[in-house]
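User: Hi! I have a structure with a ligand here and would love to walk through it with you. Could you take a look?

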Amino acid sequence: MIRTAESDDLPAILALYPRAFAEEDLRPVVEALAKLPHGVLSLVAQADGGLAGHVMFTTCAAGQGGPAVGLLAPLCVAPERQRQGIGGQLVREGFARLAADGIAYVLVLGDPDYYGRFGFQQERRISTPYELPPEWSPGWQGQSLIEGFIPPVSTLDVPAPWRQPSLWLP
Ligand SMILES: CC(C)(COP(=O)(O)OP(=O)(O)OC[C@H]1O[C@@H](n2cnc3c(N)ncnc32)[C@H](O)[C@@H]1OP(=O)(O)O)[C@@H](O)C(=O)NCCC(=O)NCCS
């Protein structure tokens, strides 16, 4: 079952991340995003009474004052529940909710082998807030959620929790 995260889910969400990400501590950014008063869609996958997965989508702008776009990150599924379609369900539910809110475009920095299955393609119009190493360019991906939407050539304008170069670097 996929549902909107409630504030009392936060401890369980934060406990999930070190289990899924062995080398990166994403808890600070998850916590900072969870505290934003608006502009963050946080979804959990509930299974057998516990949390099996989590995803966040942050509303950003394609250039200052530009159209709202969603940034997908982070996404994690409990190791023992991976490869059961939970990650896919979280991503697709997020797309549906963003589109229903009129957000026409979504971006992600991640493995194209995984995210390509949702329709993401290398992003060439919206730049990351911090320059990526060239070998990471294929990992910066975007896709329209509302047919025909083409984002302006711009630099992604992100809220404070994402203004940390370390989140955009290897
Ligand atoms: C990546 C992750 C979110 C996928 O969640 P999931 O619930 O296992 O994914 P799904 O069941 O929807 O999809 C599984 C498919 O994705 C593939 N997949 C999973 N992780 C992948 C990866 N890093 N790269 C490429 N493919 C991957 C699996 O091989 C499987 O493919 P198949 O269906 O062809 O066998 C989950 O494995 C995870 O939390 N990993 C650790 C944290 C992480 O890397 N998060 C992504 C950050 S960008």
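User: What's the distance from the ligand oxygen atom to the polar backbone atom of Gly87?

Analyst: That distance is 2.7 Å. Keep in mind that this is a predicted model.

User: Noted. Which ligand atom pairs with the backbone of Gln84, and at what distance?

Analyst: An oxygen atom of the ligand, at 3.2 Å from a backbone N or O atom of Gln84. There is also a ligand nitrogen atom, 3.1 Å from a polar backbone atom of Leu75.

User: How much of the ligand's accessible area does the protein cover?

Analyst: On its own the ligand has 880 Å² of accessible area, and the protein covers 67% of that.

User: And where does the ligand sit?

Analyst: In the largest pocket.

User: Nice. Which residues come nearest to the ligand?

Analyst: There are 17 residues around the ligand, and the nearest are Val77, Arg83, Gly85, Gly87 and Gly88.

User: What's the mix of nonpolar, polar and charged in that shell?

Analyst: Eight nonpolar, five polar and four charged residues.

User: Which elements each supply at least two residues of the shell?

Analyst: Strand 4, helix 3 and helix 4, the last of these spanning 112-115.

User: Back to Arg83 for a second. What's its phi?

Analyst: Arg83 has a positive phi of about 65°, although Arg83 is not a glycine. For context, most residues other than glycine have a negative phi.

User: Where is Arg83, and is it buried or exposed?

Analyst: Arg83 lies in the loop between strand 4 and helix 3, and that helix covers 86-100. Arg83 counts as exposed because its relative accessible area is 87%, and the cut-off for exposed is over 50%.

User: Let's talk peptide bonds. Is the one from Ala73 to Pro74 cis or trans?

Analyst: The bond from Ala73 to Pro74 is cis, with omega near -10°. Most peptide bonds are trans. As for location, Pro74 is in strand 4, which runs over residues 68-77.

User: New topic: Asp9. Where is it found?

Analyst: Asp9 is in the loop between strand 1 (2-4) and helix 1 (10-20).

User: Why do you call Asp9 buried?

Analyst: Asp9 is buried because its relative accessible area is 8%, and buried means under 20%.

User: Which side chain does Asp9 have a polar contact with?

Analyst: The side chain of Arg3, in a polar contact of 2.8 Å.

Notes:
Residues are numbered from 1 along each chain as its sequence is written. This is a predicted model: local features need pLDDT of at least 70, side-chain atom pairs count only at pLDDT 80 or more; totals for chains, interfaces and linings use all residues. Side-chain values use heavy atoms; hydrogens and water are left out. Helices (H or I, at least four residues) and strands (E, at least two) are DSSP runs, numbered from the N terminus. Buried means under 20% relative accessible area, exposed over 50%, partly exposed in between (1.4 Å probe, protein chains only). A residue is near a molecule or strand if one of its heavy atoms lies within 4 Å of it. A polar contact is a pair of N or O atoms within 3.5 Å; within protein, one must be able to donate a hydrogen and the other to accept it, and residues adjacent in sequence count only if both atoms are side-chain atoms. Accessible areas come from the Shrake-Rupley method with a 1.4 Å probe; for residues, only the protein chains shown count as cover. On a 1 Å grid over the protein atoms alone, a cavity is a set of points where a 1.4 Å probe fits but cannot get out, and a pocket is an open set with protein on both sides within 12 Å along at least five of seven lines; lining residues have an atom within 4 Å of a point. A molecule sits in a cavity or pocket if more than half of its atoms lie within 2 Å of its grid points. Ala, Val, Leu, Ile, Met, Phe, Trp, Tyr, Cys and Pro count as nonpolar, Asp, Glu, Lys and Arg as charged, and the others, Gly among them, as polar.
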